Amino acid sequence: MPDVFTKAKRSEVMSRIRSRGNRDTELALVRLLRKFRVSGWRRNQNIFGKPDFVFPKARLAVFVDGCFWHACPKHSTVPAGNRAFWKRKLAANRSRDRLVNRTLRKNGWRVIRLWEHDLPKRGNPSIRRIKSALLVLGRKATDKHRCAQIDEKAMR
Ligand SMILES: [Zn+2]
């Protein structure tokens, strides 16, 4: 079955989905981190797999995975046009994610992957996961002045 888009059109469509989807979900997590007073994170760090958020001192990498691009089990859809292309593409994204996880862990990073669909939820289980990881990693750290200051009051 022929592709419904020309090559140029396809890359335009894809870059639009990618940049918009990523930016929105990343900014949603930025808002949550600020709201719950989680600090010590950086964005756009040059680390393998380009984590969306990095806590350098705790060596914690956080990814916010878009439901479409990372084939979330709840919301993943394969576009009707050119299904074979999309199936291959999304499967490749998933195995890339696994490779990134393995590689980072091998290098001493803790990896958290959050789904785009988890961010708006009340109770913020995403923030809880980040905070408890930081607590565990903070206890392990020999550095007394750990980067991630955790405000317990914000969790109540
Ligand atoms: Zn989802």
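Two strands are said to pair when DSSP finds at least two bridges between them. With that in mind, the strands of this predicted model can be followed one by one, and strand β2 makes a convenient starting point.

Strand β1, residues 53-55, is joined to β2 by 3 bridges, and the two strands run antiparallel. Within this pairing, F55 is found opposite L60 of β2. The two strands make up a hairpin in which 4 residues lie between them. One residue of the turn deserves a glance: R59 has a positive phi of about 50 degrees.

β2 also pairs with strand β3, residues 110-115, this time in the parallel sense and over 6 bridges. Here V62 is the residue that faces I112 in β3. To get from β2 to β3, the chain passes through helix α2, residues 83-106, and the resulting β-α-β crossover is right-handed.

With partners β1 and β3 in place, the surroundings of β2 itself come into view. Of the 6 residues in this strand, residues 60-65, 6 are buried, so β2 is largely enclosed by the rest of the structure. The side on which a residue sits makes no exception: L60, V62 and V64 point one way, A61, F63 and D65 point the other way, and all are buried.

A61 gives a picture of one of these two sides. Leaving aside residues up to four places away in sequence, A61 touches I47, P51, V54, L104, W109 and V111.

I112, which belongs to strand β3, offers a second viewpoint. This residue has 20 other C-beta atoms within 10 Å, and it counts as buried because the cut-off is 20 or more. Its contacts, again without residues up to four places away in sequence, are L60, V62, R129, I130 and A133. Two of these, L60 and V62, were met above among the residues that point one way from β2. As for I130, 18 residues separate it from I112 in sequence, while the C-alpha to C-alpha distance in space is 7.5 Å.

Many of the names introduced so far return in the nonpolar interior. The largest nonpolar core has 21 residues, and the ones with the most contacts inside it are F55, L60, A61, V62, L114 and I130. Two or more residues each come from β1, β2, α2, β3 and α3 (125-140). The greatest contribution is that of β2, which gives 5 residues to this core.

Key: Residues are numbered from 1 along each chain as its sequence is written. This is a predicted model: local features need pLDDT of at least 70, side-chain atom pairs count only at pLDDT 80 or more; totals for chains, interfaces and linings use all residues. A residue is buried if 20 or more other C-beta atoms lie within 10 Å of its own, exposed if 12 or fewer, and partly exposed in between; C-beta atoms are placed from the backbone. A crossover is right-handed if, with the strands pointing away from the viewer, the path from the first strand over the helix to the second runs clockwise. Two residues are in contact if their C-beta atoms, placed from the backbone, lie within 7 Å. A nonpolar core is a set of buried Ala, Val, Leu, Ile, Met, Phe, Trp, Tyr and Cys residues joined through C-beta atoms within 7 Å.
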